[in-house]
Amino acid sequence: MTDTPRDAHYFSQRHGMNPPHSEVVEACATIQPCKVLDMGCGSGRNALYLASLGFDVTAVDANPSAIGTLQAIAESEAMTNVVARVYDINEAALGDDWDFIACTVTLMFLDPERIPAVIADMQACTRPGGYNLVVAAMDTPAHPCPVGFPFKLAEGELRDYYAGWEFLKYNEDLGTLHSGARFQFATMLARKPA
């Protein structure tokens, strides 16, 4: 890890990527640096930001090119606290434990039949007292999702999956993708019982 301070826009400005997800930035006001998993990391916008704050980051994505980009940026920035690997999240076989798992705008790209197993695996791989951050597309009667994602949450569905966890944040508000598409997202930061 390098000692160079980096703000939320550093990697987007220097490497031409989107800035870290606003919910990841906000969660870092609550969660101290720890062992974190970035699920569906893409080119690393969240993973790099978290690593720059001192988190020990594992980043996974099914896209080998995206993982290669993340590895190249981490190397160019002398960041040794980022491990990136190709992994199909649908497998639901993470096989390790983390203090914090971030899964932002990822669930909607997965196989709908695998969602219960993926969420159960996330929960099982979260240490007691650890956190899960999820931001995922919804499809509701009031706000039908205009994007053909394979999976979209129904009203209250994410909350139901996390029954028994402590909700630090939960909402099902309108949001906008980078493309400009506007629909509801479920946003949750929850703590696993200790």
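In which helix is Pro116 found? In this predicted model, Pro116 belongs to helix α5, which covers residues 115-124. If you colour the chain by solvent accessibility, Pro116 will show up as partly exposed, at 41% relative accessibility. For a sense of scale, try a distance from here to Leu168: the two residues are separated by 52 positions in sequence, and their C-alpha atoms lie 22 Å apart in space.

From α5, let us turn to the strands. Strand β5 takes in residues 126-137 and is joined to β7 by seven bridges, with the two strands running antiparallel. One place to look for this pairing is Tyr131, which stands opposite Arg191 in β7. Strand β7 also pairs with β6, again in the antiparallel sense, and here the count is ten bridges. On that side, you can pick out Tyr170, which has Met188 of β7 across from it. The β6 and β7 strands form a hairpin with five residues between them, and within the turn Gly180 has a positive phi of about 100°. With these partners in view, how many of the ten residues of β7 are buried? The number is eight, so β7 is largely enclosed by the rest of the structure.

Follow the chain past β7 and the surroundings change. Ala194 sits in the segment after this strand, and its relative accessible area is 96%, so Ala194 counts as exposed. Even so, Ala194 has company from elsewhere in the sequence. Setting aside neighbours within four places along the chain, Ala194 is in contact with Pro128 and Gly129. A C-alpha to C-alpha distance gives a similar view of this region: Ala194 and Arg127 are 67 residues apart in sequence, yet 8.1 Å apart in space.

Now for a helix with a very different setting. Helix α3, residues 45-52, is mostly covered, with eight of its eight residues buried. Among them are the nonpolar-looking names you might expect, such as Ala47, Leu48 and Leu50, but also Arg45, Asn46 and Ser52. Just after α3 comes Gly54, whose phi is positive at about 100°.Arg45 also leads us to the largest pocket, which holds about 870 Å³ of space. Its lining is made up of 39 residues, and the closest to the pocket centre are His21, Arg45, Thr104, Val105 and His178. Which elements each supply at least two residues of this lining? They are α2 (22-27), α3, β6 (166-176) and β7 (182-191). Of the elements, β6 gives the most to the lining, with six residues. If you are thinking about the chemistry of the lining, its classes are 15 nonpolar, 17 polar and seven charged residues.

Next, the backbone angles. Most residues other than glycine have a negative phi. Two alanines are worth a look with that in mind. Ala78 has a positive phi of about 55° although it is not a glycine. You will find Ala78 in the loop between α4 (64-76) and β3 (82-86). Is this alanine buried or partly exposed? At 45% relative accessibility, Ala78 counts as partly exposed. The other alanine is Ala92, which also is not a glycine and has a positive phi of about 50°. Ala92 lies in the loop that links β3 with β4 (98-104). Its relative accessible area is 17%, so Ala92 is buried.

Finally, let us look at the cysteines. How many disulfides does the structure hold? The count is zero. Take Cys41: the nearest cysteine sulfur is that of Cys103, 11 Å away, whereas a disulfide needs the two sulfur atoms within 2.5 Å. Cys41 has a relative accessibility of 6%, so this residue counts as buried. Cys145 is in no disulfide either, and for this residue the nearest cysteine sulfur, again that of Cys103, is 16 Å away. With a relative accessible area of 13%, Cys145 is buried.

How values were computed
Residues are numbered from 1 along each chain as its sequence is written. This is a predicted model: local features need pLDDT of at least 70, side-chain atom pairs count only at pLDDT 80 or more; totals for chains, interfaces and linings use all residues. Side-chain values use heavy atoms; hydrogens and water are left out. Buried means under 20% relative accessible area, exposed over 50%, partly exposed in between (1.4 Å probe, protein chains only). Helices (H or I, at least four residues) and strands (E, at least two) are DSSP runs, numbered from the N terminus. On a 1 Å grid over the protein atoms alone, a cavity is a set of points where a 1.4 Å probe fits but cannot get out, and a pocket is an open set with protein on both sides within 12 Å along at least five of seven lines; lining residues have an atom within 4 Å of a point. Grid points are joined across faces, edges and corners, and a volume is the space filled by probe spheres set on the points. Ala, Val, Leu, Ile, Met, Phe, Trp, Tyr, Cys and Pro count as nonpolar, Asp, Glu, Lys and Arg as charged, and the others, Gly among them, as polar. Contact means heavy atoms within 4.5 Å. Two strands pair if DSSP finds at least two bridges between them.
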